[in-house]
Amino acid sequence: MAVLSSAKRVLLPWASNGHALATVSGGLRVALGTDGGGGGGGCSLLQSRWRSSLPQLDPVDRSDDDNSGGGDMDWDNLGFGLTPTDYMYVMRCSKGEGGFSRGELSRYGNIELSPSSGILNYGQGLFEGLKAYARADRAGYMLFRPEENARRMQTGAERMCMPAPSVEQFVHAVKQTVLANRRWVPPQGKGALYIRPLLIGSGAILGLAPAPEYTFMIYASPVGTYFKEGMAAINLLVEEEFHRAMPGGTGGVKTIANYAPVLKAQMDAKSRGFADVLYLDSVHKRYVEEASSCNLFVLKGGTVATPATAGTILPGITRRSIIELARDRGYQVEERLVSIDDLVSADEVFCTGTAVGVTPVSTVTYQGTRYEFRTGEDTLSRKLYNTLTSIQMGVAEDKKGWTVAVD
Ligand SMILES: *Cc1c(COP(=O)(O)O)cnc(C)c1O
């Protein structure tokens, strides 16, 4: 019990020195093997048959931490690759319990899963993605609408028969992850710390059913631009054979199960020199939906249109923010069906998402014809990009209450 009570001390804010953390995590390891929650509220008393599926965590050992700010990172050449960072956050919930118990930071590293875990066998899992920026106006970091990611995870969890962390738990966990990995946050203007929350069915199951235990975790990686084109405009290919989503499916939630099926289309397009594909609706094959990981906007005259989210399109937080920012600029914004004809006759086309930001589209190829759109300095997408990023980085005042400080 002495060890369990040390696990509870994880409540200490992230100001702890390395020694305190090592103690805390040592406690965590033991706590996991005993009652999993250390009395943190919610998930306690794991039954033995679930215990074997618990990921084993390495104790936190900061002795090899190098506090020199990302070690020998080349901040000027960040792409969207994985750079492992120091810590991850882990929180669990088992069957029959009200919700997630208190989670903890641990050293970033591999986790152990039962071969029969729900995630490995049936793809019961969700992910999220958000970014922390080094602030422009003072020390510290900023998150952009993290509660929206938390709520979207809850919506997805409902669809995938999983329990989800509360909004408070989610945001707290994100903040902890950022602070623990602060030396990996790129300097202002060089990129962001990409934060990847996961919610997975970690419990063992054989027959098709929801897993008996869930793990919520967060890891982080410094990133620069998503497309190899950087901030330059991209070329997209309209995909006519494969679909990303269907009515009644899971296209509207960020389940991991949505992504492997589109790799083929994406790889084929990349091999032909396109940055990504644009998916068509699976019923009429006439309406554009979105790209593999970002939403789509088209501008024609003073009207901006984006496909309405009715279950087959991922409701992007960037999308929603851009709708608001475009309206603020006096544009009429319509969420509706956007046909191929609307697309190819547009003045401007751009994609939005946490990873891609606001990326201009210079061409779209459909049935062998290449259509071109306006790009460059004097475009709406550039203006929206500038407004959005200056809010996200603390360059402009956040009048909308979108940002959350992490100090
Ligand atoms: C995550 C994602 C987006 C963008 O959502 P944001 O909240 O803006 O990051 C768009 N489309 C798909 C398919 C996605 O997975």
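Biologist: Which residues of α8 are buried?

Modeller: This is a predicted model. In α8, the buried residues are Ile317, Thr318, Arg319, Ser321, Ile322, Ile323, Leu325 and Ala326. Each falls under 20% relative accessible area, the cut-off for buried.

Biologist: How do you know that the length of α8 agrees with what its 12 residues should span?

Modeller: The expected span of α8 is 16 Å, at 1.5 Å a residue. The end C-alpha atoms of α8 are 17 Å apart, which agrees.

Biologist: What follows α8, and what is the sign of its phi?

Modeller: Gly330 follows α8. The phi of Gly330 is positive, near 95 degrees.

Biologist: At what angle do the axes of α8 and α10 cross, and what do we call that?

Modeller: Helix α8 covers residues 317–328 and helix α10 covers residues 380–392. Their axes come within 10 Å and cross at roughly 115 degrees. The range for roughly perpendicular is 65 to 115 degrees. Therefore α8 is called roughly perpendicular to α10.

Biologist: What is the hand of the crossing?

Modeller: Right-handed, as α8 passes α10.

Biologist: Which residues meet there?

Modeller: From α8 come Thr318, Ser321, Ile322, Leu325 and Ala326. From α10 come Leu384, Thr387, Leu388 and Ile391. The residues of this contact divide into 6 nonpolar, 3 polar and no charged. The spacing has a general background. Residues three or four places apart point the same way because an α-helix has 3.6 residues a turn.

Biologist: Now α5 and α6. What makes α5 oblique to α6?

Modeller: The axes of α5 (residues 146–159) and α6 (residues 167–180) come within 9 Å and cross at roughly 125 degrees. Roughly perpendicular stops at 115 degrees, and roughly antiparallel applies over 145. The angle fits neither class, so α5 is oblique to α6.

Biologist: Which hand does that crossing have, and which residues make the contact?

Modeller: α5 passes α6 in a right-handed crossing. On α5, the contact uses Pro146, Glu147, Asn149, Ala150, Arg151, Met153 and Gln154. On α6, it uses Val167, Phe170 and Val171. By class, the contact of α5 with α6 has 6 nonpolar, 2 polar and 2 charged residues.

Biologist: Why is α6 called largely enclosed by the rest of the structure?

Modeller: Because 10 of its 14 residues are buried. Among them are Val167, Phe170 and Val171. Further along α6, Ala173, Val174, Gln176, Thr177, Val178, Leu179 and Ala180 are buried too.

Biologist: What is the span of α6, and what is expected?

Modeller: α6 reaches 20 Å from its first C-alpha to its last, close to the 20 Å expected at 1.5 Å a residue.

Biologist: Where is Arg145, and why is it called buried?

Modeller: Arg145 lies in the loop between β5 (141–144) and α5. The relative accessible area of Arg145 is 10%. The cut-off is 20%, so Arg145 counts as buried.

Biologist: What is notable about phi here?

Modeller: Phi of Arg145 is near 45 degrees, a positive value in a residue other than glycine. Most residues other than glycine have a negative phi.

Biologist: Which class does Lys285 fall in, and why?

Modeller: Lys285 has 40% relative accessibility, between the 20% and 50% limits, so it counts as partly exposed. Lys285 sits in the loop between β9 (276–280) and β10 (288–291). Its phi is positive as well, near 55 degrees.

Biologist: How do you know that Arg196 counts as buried?

Modeller: Its relative accessible area is 18%, under the 20% limit, so Arg196 is buried. Arg196 belongs to strand β6 (residues 192–201).

Biologist: What does Arg196 touch, leaving out residues up to four places away in sequence?

Modeller: Phe127, Glu128, Met217, Ile218 and Tyr219. The C-alpha atoms of Arg196 and Thr177 are 9.9 Å apart, with their positions 19 residues apart along the chain.

Biologist: What makes Ile234 buried?

Modeller: Ile234 has 0% relative accessibility, so it counts as buried. Ile234 is in strand β8 (residues 234–239). The C-alpha atoms of Ile234 and Val361 are separated by 4.8 Å, although these residues are 127 apart along the chain.

Biologist: How many helices and strands does the protein chain have, and what share of it is buried?

Modeller: The protein chain has 10 helices and 17 strands. Buried residues make up 55% of its 407 residues.

Definitions and conventions:
Residues are numbered from 1 along each chain as its sequence is written. This is a predicted model: local features need pLDDT of at least 70, side-chain atom pairs count only at pLDDT 80 or more; totals for chains, interfaces and linings use all residues. Side-chain values use heavy atoms; hydrogens and water are left out. Axes are lines fitted to C-alpha atoms, for helices over the stretch in contact, and angles run from 0 to 180 degrees between N-to-C directions. Helices (H or I, at least four residues) and strands (E, at least two) are DSSP runs, numbered from the N terminus. Angles under 35 degrees count as roughly parallel, over 145 as roughly antiparallel, 65 to 115 as roughly perpendicular and the rest as oblique. A crossing is left-handed if the near helix is turned anticlockwise from the far one by less than a right angle, and right-handed if clockwise. Contact means heavy atoms within 4.5 Å. Ala, Val, Leu, Ile, Met, Phe, Trp, Tyr, Cys and Pro count as nonpolar, Asp, Glu, Lys and Arg as charged, and the others, Gly among them, as polar. The expected span of a helix is 1.5 Å times one less than its number of residues. Buried means under 20% relative accessible area, exposed over 50%, partly exposed in between (1.4 Å probe, protein chains only).
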